[in-house]
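Reader: I should be grateful for a close examination of one part of this model, namely the place where the two chains meet. Please set that part in the context of the chains that form it.

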Amino acid sequence: MQWDIVIGLEIHVQLATKTKIFSGSSTAFGAEPNTQASAVDLAMPGTLPVPNEQAFRYAVMFGLAVNAEIGRRSVFDRKNYFYPDLPKGYQTTQLDHPIVGPGFVDIDLEDGSSKRVRIHHAHLEEDAGKSLHEDFDGMTGIDLNRAGTPLIEIVTEPDMNSAEEAVAFAKKLHSLVSSIGICDGDMSQGSLRFDVNISLKPKGSDELGTRTETKNLNSFRFMEQAIAHEVERQMDILEDGGRIIQETRLYNGERDESRSMRSKEEANDYRYFPCPDLLPVVIDDAFIESARDLLPELPDERKARFKEQYGLNDYDARLLSDDARIAAFFEEAVSQGKDAKLAANWVLGEFSARLNAEDKTVVQAPITGSQLGQLVARIADNTVSSSGAKKVFEALWNGDADNADAIIEAQGLKQVSDTGALEQMVDEVLAGMPDQVAQYQEEADPKKQKKMLGGFMGPLMKASKGQGNPKLFNEILVRKLGG
Amino acid sequence: MTISREDIEKVAVLARIRLDEEQILALENDLGNILSLVDELSAADTDNVEPLAHPLDAVQRLRADEVTETNQREAFQAIAPATESGLYLVPRVIE
């Protein structure tokens, strides 16, 4: 039987505020356990929450970036459950009146098509603390530094139909929240966490199947694996005539296994009710407009501008615009080099390959955009050949000199483009290879002729000590051999 | 409206409260009375009334994003039953 895969995501995004959502405790990462857990965070009797304005501003910025309606009046609710890393015995969250209403994100797929994924809503809530299960003689250790860190939980509609689409959405969202500056984007520290809802239905059917939720995936790779794993698990059950139980599952990426965490039958009954400690938060036009003013250029806007301004194709424009830092590097390069297509090729080719090989991010690169741009300018004006340019790039990367011109000079990589000098070299080389010249001239097939040109290029490059402009050599050769 | 014994037992589990037989019987009666009162309120026509999120007709004030709390771990942990390496220790929880 053929199945359709239906995927919806819930994404927890830690907001990059300096302090917690309801207290003035620092949210800085890496502090000693419980040194950033105040009386409010510990739920000491008599304490009251006071919401952080910046958390609302960031949530509104997110809403504007995903074309969503902003909740003008948002209300906090209590979601009640017991767990030691939740000192109050409830999580303060938003149920019926979230800060961000319906919106959408368009994702680009590998085959060049794009797809719209609808956002159901996004709400503000507080993170829980951390439980450490090891090393305490049968006890669990609790660190409440993270308790009260502001989160937005983003809930999508079930609009994705493959692991590829879900991962494309997750990456797009990651790039979006990082580039608008509301989240540090560091997935290794749990700044973004993904829960994946998956169900299968017979191909073409309108009726959704029973779904499972796989929780707390914190890398794109694990997310892709977890989806593949869960789809296969459900398919096996359904094809054996079984039924899917609605449950929450945990995925172990190291072992590619999943296990049930709790089923819906024993699921928590959260007994939500409006939080009496907090009044409704009213967001006015002025607040929304001030949040809009803080939004930088969004990746989609940047992509459109790159296509328009630099004449890039869709694919290059997307790769260069997703990450604001790569986009800035590229634009710095273009400002020196002028030839945008060539600059794009170098940023996405040699430069990106080198970053990957050394596991560096663009800000850790030893060269600047304008250094690469100067090199691109020298390729564009024929000062240096593309093979020579690779040597210059290498030297720039290794810090041998701080600009392309100095390296070209020092290593003698300057290309000879003086036509008179090149013509003379061609004459001399051809004079020394009469048999090959005759063979070329007797050959009737232009394709074969073209191949034979290569036989002359080697001696020519040698004669010019590698500095002859290959393009000009080629032109002169064709002219002289043809005549 | 009445509340069933099962409802009381379920809520007791959710609230982590252990009830004995006598308490369950008393609660059936007390909670039943409260629910009857709610039933009376339910008779009021509220079709054109916005649900109330808070009894005060006021708007929440927000706080600037500035660190105002200092580290008082020592004071807080002085009253904790068990701590180690700065962590609060609790009976082992396995998810």
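Author:
**The sheet shared by two chains**

In this predicted model, the domain assignment divides chain A into domain 1 (3–290), domain 2 (297–410) and domain 3 (419–482). Between the C-alpha centres of domain 1 and domain 2 of chain A the distance is 37 Å. Their contact draws on 6 residues from domain 1 of chain A and 7 residues from domain 2 of chain A. On the domain 1 side of that contact, strand 5 (103–108) and helix 2 (163–179) of chain A each supply at least two residues. Helix 2 of chain A gives the most to this side, with 3 residues. By class, the domain 1 side that touches domain 2 of chain A comprises 2 nonpolar, 2 polar and 2 charged residues.

Helix 2 of chain A merits a brief description before the interface between the chains is considered. Its 17 residues should span 24 Å at 1.5 Å a residue, and the end C-alpha atoms do lie 24 Å apart, so the expected and modelled spans agree. Among the buried residues of helix 2 of chain A are A:Ala166, A:Phe169, A:Ala170, A:Leu173, A:Leu176 and A:Val177. A:His174, A:Ser178 and A:Ser179 of the helix are buried as well. An α-helix has 3.6 residues a turn, so residues three or four places apart point the same way. After helix 2 of chain A comes A:Gly181, with a positive phi near 80 degrees.

Chain A as a whole contains 15 helices and 15 strands. Its C-alpha trace spans about 95 × 55 × 50 Å along the principal axes. The radius of gyration of chain A is 30 Å, whereas a compact globule of 483 residues would have one near 23 Å. Of the 483 residues in chain A, 38% are buried. When contacts in chain A between residues at least 6 apart in sequence are considered, 69% join residues at least 24 apart.

Chain B has 3 helices and 2 strands. From the N terminus on, these elements follow the order α-α-α-β-β. The C-alpha trace of chain B spans about 55 × 45 × 25 Å along its principal axes. For chain B the radius of gyration is 22 Å, against a value near 12 Å for a compact globule of 95 residues. Buried residues account for 4% of the 95 residues of chain B.

The interface itself brings 41 residues of chain A into contact with 31 residues of chain B. Helix 1 (53–65), strand 7 (130–132), strand 8 and strand 15 (281–282) of chain A each contribute at least two residues to the chain A side. Strand 8 of chain A gives the most to that side, with 5 residues. The chain A side that touches chain B consists of 20 nonpolar, 15 polar and 6 charged residues.

Strand 8 of chain A also takes part in a sheet that includes strands from both chains. This open sheet has 4 strands in the order 7(A)-8(A)-2(B)-1(B), and its pairing is antiparallel. Strand 7 of chain A and strand 1 of chain B are the edge strands, each pairing on one side only. Strands of a sheet pair through backbone hydrogen bonds, either parallel or antiparallel.

Where the sheet passes from one chain to the other, strand 8 (residues 139–143) of chain A pairs with strand 2 (residues 87–91) of chain B. This antiparallel pairing comprises 4 bridges. Within it, A:Gly141 stands opposite B:Leu89 in strand 2 of chain B.

Strand 2 of chain B is also joined to strand 1 (residues 83–84) of chain B, by 2 bridges and in the antiparallel sense. In this pairing B:Thr83 is opposite B:Tyr88, and B:Glu84 is opposite B:Leu87. The two strands of chain B form a hairpin with 2 residues between them. B:Ser85, in the turn of the hairpin, has a positive phi of about 50 degrees.

Taken together, the shared sheet can be followed from strand 7 of chain A, at one edge, through the paired strand 8 of chain A and strand 2 of chain B, to strand 1 of chain B at the other edge.

Notes:
Residues are numbered from 1 along each chain as its sequence is written. Chains are lettered from A and ligands numbered from 1 in the order in which they are written. This is a predicted model: local features need pLDDT of at least 70, side-chain atom pairs count only at pLDDT 80 or more; totals for chains, interfaces and linings use all residues. Two strands pair if DSSP finds at least two bridges between them. Two residues are in contact if their C-beta atoms, placed from the backbone, lie within 7 Å. Ala, Val, Leu, Ile, Met, Phe, Trp, Tyr, Cys and Pro count as nonpolar, Asp, Glu, Lys and Arg as charged, and the others, Gly among them, as polar. The radius of gyration is taken over C-alpha atoms; the globule rule is 2.2 Å times the number of residues to the power 0.38. A residue is buried if 20 or more other C-beta atoms lie within 10 Å of its own, exposed if 12 or fewer, and partly exposed in between; C-beta atoms are placed from the backbone. Domain bounds come from an automatic or database domain assignment. The expected span of a helix is 1.5 Å times one less than its number of residues.
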